[in-house]
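Subject: Structure for you to look at

Dear colleague,

I am passing on the structure we talked about, and my notes on the cysteines and on one sheet follow below. Please open it alongside this message as you read.

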Amino acid sequence: MNPSEIPAPYQTQARPIGDVAGLTEPNYLNATHGLKSWLLTKDHKRIAILYIITTTIAFLIGALAAALIRLELITPQGDLLTGDGYNKAFSAHGIVMIFMFLVPVVPAVLGNFLVPIMIGAKDLAFPRINLMSWYLYMIGSAFTMWAVIAGGVDTGWTFYTPYSTTTNTNVVSAAVGVFVIGFSSIFTGFNFIVTVHKMRAPGMTWFRLPLFIWSAYATSLIMILGTPVIGITILMVAVERTLNLGVFNPQFGGDPLLFQHLFWFYSHPAVYIMILPGFGIISEIIPCFSRRNIFGYSFVAMSSLAIAMVGFFVWGHHLFVSGQGNYAGVVFSALSFIIGIPTAIKVFNWTATLYKGSISFETPMLYALGFMGLFLIGGLTGLFLATMAIDKMVHDTYFVVAHFHYVMVGGMLLAYLGGIHFWWPKISGRMYNEFLGKLGALITFIGFNLTFFPQFIVGYLGMPRHYHQYVPEFQVYHVLSTAGASILGVGFLLPIIYLTYSWWYGDIAGSNPYKATGLEWQTSSPPPTENFHELPVVDIGPYEYSEFKEDSLVHPR
Amino acid sequence: MNPKVPNNFALWPEQASTIAGAVDALYIFEILVSTFFVITIPAVIIYFCVKYRRRPGNMNPPRIETSKALEVIWSVIPLMIVMVMFFWGAQVFFRQQAVPENALEILVTGKKWMWKFQHKNGHREINDLHVPVGQPVVLKMASEDVIHDVYIPAFRTKQDVLPGRYTYLWFEATKTGVYHLFCNQYCGTQHSNMVGKVIVMEEADYQKWLGGYTGATPEQVGEELFTKYACNTCHLDSGSARGPLLAGIMGTKVAFQDGSQAVVDENYLRESILQSQAKIVAGFQPIMPSFQGLLTAEEVNALIAYIKSMPGSKAGTSQAHPPAGAPDAAASATDAAHQATNEQTESNDAATTNTAQTTATTTSDAAATTGAQQGVQ
């Protein structure tokens with residue numbers, strides 16, 4: 001965007017207190033111009049913008065597939081799509097949403113933008129590798145999209161063998177895509193870890209790190225340790241398909257359960273890759289809008305690390321009915337319950353942070369409160385699935401679909417939207433329409449519950465997932481779900497529209513519109529390319545709201 | 001006669017098995033616990049949001065200090081609650097998994113995209129499964145292609161059906177009627193049409209229904225296949241004895257060339273037929289061809305039924321699950337030697353001596369490689 005495009009009234013607007021630079025002053029957006037300056041940028045903030053655009057496109061493609069699924073399921077018969085068409089639609093929905101949206105989105109967008117600024121660094125430790133991560137993401141996504149467009153994949157996002165090694169759809173292309181996107185994750189995680197270790201500003205001790213950084217750090221550990229496993233596993237599927245090597249297919253002497261073990265060894269921790277950054281966002285928003293230091297800082301920080309570690313030892317709870325030994329199941333069940341505890345600790349600490357605060361309800365806070373309600377349901381229904389006897393009943397039914405979406409959409413996506421709204425003024429330098437923001441949060445909350453709550457009931461009734469046609473007595477619940485999904489669609493489209501509009505036409509935000517304490521708010525909006533005009537020095541913790549004065553900045557500059 | 005599953009709107013699935021009540025009780029317990037938290041935590045949040053909303057005079061609240069006591073309380077209490085769920089859930093799960101001794105065995109073959117059932121007397125049916133009420137039934141299941149899953153919501157149970165080996169699902173129906181049977185593991189184009197019915201009948205009606213069939217039993221079919229595929233030339237004592245003798249082999253321990261050992265169960269027999277090179281019994285040459293692709297899953301079932309029925313077999317129908325873990329190598333090898341000695345009385349001397357010698361050799365081998373021994377597959 002060009003400063004000359006900014007409408008005249010804004011250029012002459014008085015600068016808010018504490019604002020060191022209006023939009024016309026040099027910042028990362030107007031520092032250089034032209035497509036090349038974006039595609040070859042090494043600025044972590046510009047790379048974050050590249051990711052915003054590409055992950056949003058991925059989200060829209062995944063949402064389109066979801067719309068097809070929900071439309072098909074209004075009636076028990078298969079009338080809109082063929083059996084194969086439906087299978088390809090839910091596979092596209094799963095693969096695109098998981099690998100191209102949920103896994104990368106928060107680390108790549110908000111993590112990229114915020115990790116260096118929050119710790120007072122000029123950029124990530126390896127800016128070129130950071131750019132390479134984006135290109136890997138794009139190359140991997142191209143393979144995946146090619147698989148989806150050129151005939152489709154019909155394995156679901158889980159690629160279970162021996163189905164995936166025998167189906168005649170584009171599994172190899174999708175597998176290569178997932179493999180390459182995996183490297184994008186690994187490099188991003190590696191970059192974050194080195195940055196957090198080596199590039200903190202003077203005085204930014206480990207226990208002065210914002211909780212978003214702690215969660216990004218924990219997420220990065222999982223990315224580095226887990227992603228190689230999925231990469232090689234999915235590559236084995238491709239190799240088995242092309243060379244008939246007997247790894248997973250019993251026809252060639254392989255073991256189909258081996259795939260499930262390897263797949264979930266990554267993919268369960270991957271669920272924490274998706275949700276942990278969301279926890280980090282909520283831990284930033286709640287203190288800001290209740291003007292309170294977070295309750296139990298070190299417990300919230302350490303619970304992220306605990307989740308990252310224990311998360312590697314719970315994968316077997318996906319295999320209770322797969323033919324895994326009973327005693328293995330017992331161990332995985334116990335560990336799956338235990339991982340619920342650090343999660344519960346976070347929820348209790350967020351709630352306690354509100355106590356005797358000064359709470360206001362701007363859009364990010366509405367998303368955060370919505371997150372707490374929905375994630376609570378998502379987390380508690382996880383206990384049902386960790387209970388072996390109940391899993392024997394609800395495994396692979398709509399109960400699981402509902403649980404998963406409560407965590408991933410009600411939890412993760414709401415947290416992401418909350419984060420995008422919270423940091424949008426910093427990213428774009430502009431404010432969005434607050435009324436539309438609140439409206440969007442409300443519509444999303446209502447639509448979400450209407451879509452997914454009925455699925456718990458129909459799941460316990462026995463509705464299996466991945467069903468193109470179903471028995472007529474389940475129809476009521478599917479009609480409710482589809483109605484909810486339509487509302488949810490509006491709730492998601494609204495922010496895309498008004499945020500895009502605000503990019504050019506929004507009010508000037510000023511450096512710290514929400515009067516937040518984090519280091520990222522101590523620089524101008526949008527920040528200059530080098531993030532800070534002067535190197536910040538940190539002498540207090542990240543959430544010292546009690547010492548925040550309206551007209552002054554907390555941190556010495 | 002084409003009974004249909006009743007089609008009514010419902011909030012709660014019908015209970016039709018002995019385990020259903022136990023699963024529902026646990027489910028209701030967890031719903032109550034969850035409801036408690038889903039009401040109280042948001043209630044507290046809303047209360048705080050109203051009481052401490054931003055107002056003049058409430059602009060700059062003081063610092064709050066963390067209470068370690070609170071942190072401990074809200075870690076320990078949830079931990080205790082989930083441990084109740086864990087133990088309760090594990091206990092019911094073991095009831096779901098433990099096949100009763102007297103269970104009636106029905107063979108199940110999953111195949112894209114149909115269910116084939118075969119009853120004890122050989123009676124077959126497709127997608128419909130007739131079972132007697134008040135009688136434990138165990139489904140011995142295998143897949144011909146990809147992974148499927150038998151799911152009967154009214155019985156509160158399901159189990160994946162694997163192409164590589166047998167899995168087992170048991171239930172005891174408590175009331176007559178017709179219930180859904182779904183394939184619950186995604187298996188391709190017609191996955192959602194891989195749906196069957198469980199028709200629960202009175203014992204007398206079931207016997208009458210079974211009696212309508214007068215064809216061959218699985219054992220008879222198996223015996224024919226045993227000759228047709230020339231298994232008898234190596235595996236019967238009247239043959240060349242180039243392979244292990246199979247009479248009475250179920251439930252015995254065998255030692256392998258690599259020093260490991262296993263208890264013979266249906267999965268071992270199945271693997272030995274289809275992946276004949278996977279485990280070589282000590283003292284024999286790996287000369288058996290693989291029958292993968294030559295035999296259908298049902299033919300494998302028939303062969304195993306025949307092997308189990310061979311004279312000298314003491315295996316019952318419910319020899320379903322292998323015992324957990326293997327005892328130490330030397331003891332097992334000794335058992336195998338005893339077994340061989342028992343067989344001696346019925347076998348010709350030369351062959352048995354051969355077996356006994358090889359077992360003795362294996363004992364020392366096994367002792368040398370105790371660390372390498374594997375659990376029962």
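Please keep in mind that this is a predicted model, and that the values below are computed from it.

I began with the cysteines, and a search of the whole structure finds zero disulfides over all chains. A disulfide is a covalent bond between the sulfur atoms of two cysteines. Cys183(B) remains unbonded because its sulfur lies 3.9 Å from the closest cysteine sulfur, that of Cys187(B), which is too far for a bond, given that a disulfide needs the two sulfur atoms within 2.5 Å. The closest cysteine sulfur to that of Cys49(B) belongs to Cys288(A), and at 14 Å this is likewise too far for a bond. As for burial, Cys183(B) counts as buried at 0% relative accessibility, and Cys49(B) also counts as buried, at 9%.

The second topic is a sheet in chain B, which is open, has five strands in the order S4-S10-S9-S6-S7, and shows mixed pairing. Its edge strands, each pairing on one side only, are S4 (128–132) and S7 (157–161) of chain B, and the twist from one strand to the next averages 25°. S4(B) runs parallel to S10(B), residues 195–201, and five bridges join the two; within this pair, Leu129(B) stands opposite Val198(B). Helix H3 of chain B, residues 203–211, packs on the sheet, where it touches S4 and S10 of chain B, and the direction of H3(B) makes about 130° with that of S4(B).

With best regards

Key:
Residues numbered from 1 in each chain as written. Chains lettered and ligands numbered in written order. Predicted model: local features only at pLDDT ≥ 70, side-chain atom pairs only at ≥ 80, totals over all residues. Heavy atoms only, no water. Buried < 20%, exposed > 50% of the residue type's maximum accessible area, 1.4 Å probe, protein only. Pairing = 2+ DSSP bridges. Helix = DSSP H or I, 4+ residues; strand = E, 2+ residues; numbered from the N terminus. Axes fitted to C-alpha atoms, helices over the stretch in contact; angles between N-to-C directions. Contact = heavy atoms within 4.5 Å.
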